[in-house]
Amino acid sequence: AAFHYFQGPSPLSARARLGRLLATENPANYACGGNLRSAPCRVRLKDAWDPIKFPLSTPSDQLNQIKGLLHQSCVGKGTETVQNLAVRTSWELIPEQVDLEQERLKPVLNDILAETRTRLGIAKSWNIRAEFYKMLVYGPGCFFRCHRDNERLPGTFATLVIEMPSEYTGCQLRIFSPSDMTKSMTFFGDPTTVEKSGGRWT
């Protein structure tokens with residue numbers, strides 16, 4: 001699931017702060033991540049009775065049910081949003097299709113926000129929060145080429161990605177800073193330990 005951070009009341013303050021961080025002696029502090037002890041919440045599709053069971057495996061009846069509700073992910077092109085399979089091949093569910101177990105998700109997000117605030121050097125006086133944007137599904141060979149996330153709402157200054165427990169062989173997320181530095185987050189899946197994995201966040 002992808003979330004965005006917001007702060008208020010001034011939407012430019014956080015971005016300006018991150019810009020100053022990139023100019024310091026440790027300019028790599030533009031991205032961070034970690035492991036989750038358990039799945040952050042139950043996820044229920046609004047057209048289904050039962051919540052999604054994690055770890056998600058393939059093939060499975062549950063995955064087939066999800067596939068029937070997926071939309072092909074799009075990319076931005078100027079002021080338009082279009083499909084371009086040369087740039088992005090993932091699939092997605094939009095918030096209107098998904099119910100998240102807020103009671104369990106809220107403390108997980110609070111912990112992530114607190115750690116992100118510390119590791120990225122965000123001032124404690126700024127109110128930051130995470131907003132659910134969409135749930136993405138990457139199948140074998142799916143990709144999203146180098147891009148810059150759009151500012152979906154005023155005050156957006158970062159993107160949070162939460163990886164739910166799933167069976168897979170691995171993937172790599174590469175994050176680029178304005179100073180052309182690159183930080184790579186590599187996720188290796190292991191079917192023998194996936195039951196113990198709570199997923200990861202970046």
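Select residues 191-196 to begin: in this predicted model, pLDDT (the predictor's confidence in each residue, from 0 to 100) stays under 50 over that stretch, and the model has 5 contacts for it beyond four places in sequence, where contact means heavy atoms within 4.5 Å. Then select residues 1-11, where pLDDT also stays under 50 and for which the model has 59 contacts beyond four places in sequence. Across the protein chain the average pLDDT is 77, and 75% of the residues score at least 70.

Some conventions apply to each stop. Residues are numbered from 1 along each chain as its sequence is written, and side-chain values use heavy atoms, with hydrogens and water left out. Local features need pLDDT of at least 70 and side-chain atom pairs count only at pLDDT 80 or more, whereas totals for chains, interfaces and linings use all residues.

Now switch to a cartoon view of the protein chain, which has 3 helices and 13 strands; helices (H or I, at least four residues) and strands (E, at least two) are DSSP runs, numbered from the N terminus. Of its 202 residues, 38% are buried, with buried meaning under 20% relative accessible area, exposed over 50%, and partly exposed in between (1.4 Å probe, protein chains only). Among contacts between residues at least 6 apart in sequence, 72% join residues at least 24 apart.

Next, select Leu-93 in strand S7 (residues 91-93), which is buried because its relative accessible area is 1%. Beyond its neighbours within four places in sequence, Leu-93 is in contact with Leu-45, Ile-66, Leu-69, Leu-70, Val-98, Lys-134 and Met-135. A distance label between the C-alpha atoms of Leu-93 and Gln-72, 21 residues apart along the chain, should read 9.1 Å.

Move to Arg-88, in the loop between strand S6 (80-82) and S7. Is Arg-88 buried or exposed? Its relative accessibility is 6%, so Arg-88 counts as buried. Not counting residues up to four places away in sequence, Arg-88 touches Gln-72, Ser-73, Cys-74, Val-75, Lys-134, Leu-136, Tyr-138, Phe-143 and Phe-144. The C-alpha atoms of Arg-88 and Cys-142 lie 7.5 Å apart in space, with their positions 54 residues apart in sequence.

Select the two cysteines just named: Cys-74 counts as partly exposed because its relative accessibility is 25%, and Cys-142 is partly exposed with a relative accessible area of 22%. With a disulfide defined as a pair of cysteine sulfur atoms within 2.5 Å, the count comes to 0.

Glu-131 is the next selection, in strand S9 (residues 127-137), where a relative accessibility of 30% makes it partly exposed. Glu-131 and Leu-153 are 22 residues apart in sequence and 9.7 Å apart in space, C-alpha to C-alpha.

Finish at the second largest pocket, with a volume of about 260 Å³. Select Asn-35, Leu-36, Arg-37, Ser-38, Ala-39, Arg-104, Pro-107, Val-108, Asp-111, Ile-112, Glu-115 and Trp-201 to show its lining. On a 1 Å grid over the protein atoms alone, a pocket is an open set of points where a 1.4 Å probe fits, with protein on both sides within 12 Å along at least five of seven lines, and lining residues have an atom within 4 Å of a point. Helix H3 (residues 102-120) supplies the largest share of this lining, 6 residues. By class, the lining has 6 nonpolar, 2 polar and 4 charged residues.

Notes. Grid points are joined across faces, edges and corners, and a volume is the space filled by probe spheres set on the points. Ala, Val, Leu, Ile, Met, Phe, Trp, Tyr, Cys and Pro count as nonpolar, Asp, Glu, Lys and Arg as charged, and the others, Gly among them, as polar.
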